[in-house]
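I opened my notebook today to look around one structure, a piece at a time. Here is what I looked up, in the order I wrote it down.

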Amino acid sequence: MPEGHSIHRLARQFTDVFGGRRVAVTSPQGRFADGAARLDGRTLLRGSAHGKQLFVEFDGGLHLRVHLGLYGAFSFGGDEQFAGASSIGAPRRIGEREDLPAEPAVYRGPPEPVGQVRVRLVTEHGWADLRGASVCEVLTPAEVDAVRARLGPDPLRTADEGRAAAFHRRLRTRTGIGVALMDQSRVAGVGNIYRAESLFRCRIDPLRPSAELDSGQLDRLWDDLCELMAAGVREGRIVTTDPADRPDPQLPVWPEQAYYVYQRAGRECRRCGSVVQVAEVAGRKLYWCPGCQGD
DNA sequence: GAACCATGATTAC
DNA sequence: TAATCCTGGTTCG
């Protein structure tokens, strides 16, 4: 589920559970055999993220760069120490079936690879498998810098200087704000959900040329992205509805209540009752409320 | 079991 | 703009 918040969570997970540990690196699928051989046996130092790019640093100045694309995913597992260090908790078994073998009481290492495992990282206490990524490669520090130089400011990289100013600068374009927000060279980490939801929350028409937005609107948009995405990192899911816009503000948020417009085409806007619209724009589905986000 | 679709991005035409 | 990468969940028949 890879918008920027997921990648930042992955980065933290790598630091927490593999940081400072020697890692055996393989490519069961074979497509990353050369890269795996370069990393095998090194100590993993830390994970970091910029937008949807994940960087995992190893000793000797080598960095693993991963981009999950639309359907890439990591899965993790390990012993009690691994689960204790994990920032995303013990691995959940999704779609568990009764005929699956029971989890062994004692951790004896990673399971047989299932499907196309591009990379497998194994330490004494746990493992990580990568499947379906669109990018998986080993980079030098200079190459990492080159990748990052192509990216806009990331709402989740709070330590980076001048981010709000960079956001303003890079959104000075005639491109529609809805398309501009998905352009990773303008702002990094925003995907289809965050763009739709933050534009709704800021009452901005997604088709409006970005450069027509005034400074206050851009400020509010940036602040909202920072807030929404930080919440996404904390909670491990995207929830953009304010409690007041949910049936019972006290109750846990059901998936159906999590968004204002994303995947709600044809349904009534939670705030104004207008019918939520969808259109294919630049190859992606764009959702908005004509009532709340008109001019 | 097939078909379709997705929180992404690059490449070719 | 379309094809591609090639996973996994959901929907269809």
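**Entry 1: one arginine.** I started with a single side chain, and I kept in mind that this is a predicted model. The side chain of Arg42 comes to 2.7 Å from the backbone oxygen of Arg38. I then asked where Arg42 sits: it belongs to the loop between helix H2 (33-39) and strand S3 (43-50).

Is Arg42 buried, exposed or partly exposed? Its relative accessibility is 25%, so I noted it as partly exposed, because that class lies between the 20% and 50% cut-offs.

Next I looked for neighbours from elsewhere in the chain. Leaving out residues up to four places away in sequence, Arg42 touches Arg21, Arg22, Val23, Phe58, Asp59, Gly60 and Leu62. I checked Val23 further: 19 residues separate it from Arg42 along the chain, yet their C-alpha atoms are 5.9 Å apart.

**Entry 2: the sheet.** From the loop I moved on to the strands. Strands of a sheet pair through backbone hydrogen bonds, either parallel or antiparallel. Which kind of pairing is found here? It is antiparallel, in an open sheet of 5 strands with the order S1-S3-S4-S5-S9. At the edges I found strand S1 (21-22) and strand S9 (135-139), each of them pairing on one side only.

I zoomed in on one pair. S3 and strand S4 (residues 53-58) are joined by 6 bridges, in the antiparallel sense. For Arg46, I found Glu57 in S4 as the bridge partner.

Two helices went into my sketch as well. Helix H4 (residues 141-149) packs on the sheet and touches S3, S4, strand S5 (62-67) and S9, with its direction at about 135° to that of S9. Helix H1 (residues 4-18) lies across S1, S3 and S4, and runs at about 165° to S3.

**Entry 3: the DNA.** Last, I turned to DNA strand B. Which residues come nearest to it? Of the 17 around the strand, I listed Lys52, Gln184, Gly191, Asn192 and Arg284. Of the DNA strand B atoms within 4 Å of the protein, 61% belong to sugar and phosphate.

I also sorted the nearby surface by class, and got 8 nonpolar, 5 polar and 4 charged residues.

Then I looked up single contacts:

- The side chain of Lys52 has an N or O atom 2.7 Å from a phosphate oxygen of DNA strand B.
- For Tyr262, the distance from a side-chain N or O atom to a phosphate oxygen is 3.3 Å.
- Glu3 places a polar side-chain atom 3.3 Å from a sugar or linking oxygen of the strand.

Helix H7 (192-201) and strand S11 (284-288) are the elements that give two or more residues to this surface.

How values were computed: Residues are numbered from 1 along each chain as its sequence is written. Chains are lettered from A and ligands numbered from 1 in the order in which they are written. This is a predicted model: local features need pLDDT of at least 70, side-chain atom pairs count only at pLDDT 80 or more; totals for chains, interfaces and linings use all residues. Side-chain values use heavy atoms; hydrogens and water are left out. Helices (H or I, at least four residues) and strands (E, at least two) are DSSP runs, numbered from the N terminus. Buried means under 20% relative accessible area, exposed over 50%, partly exposed in between (1.4 Å probe, protein chains only). Contact means heavy atoms within 4.5 Å. A polar contact is a pair of N or O atoms within 3.5 Å; within protein, one must be able to donate a hydrogen and the other to accept it, and residues adjacent in sequence count only if both atoms are side-chain atoms. A residue is near a molecule or strand if one of its heavy atoms lies within 4 Å of it. Ala, Val, Leu, Ile, Met, Phe, Trp, Tyr, Cys and Pro count as nonpolar, Asp, Glu, Lys and Arg as charged, and the others, Gly among them, as polar. Two strands pair if DSSP finds at least two bridges between them. Axes are lines fitted to C-alpha atoms, for helices over the stretch in contact, and angles run from 0 to 180 degrees between N-to-C directions.
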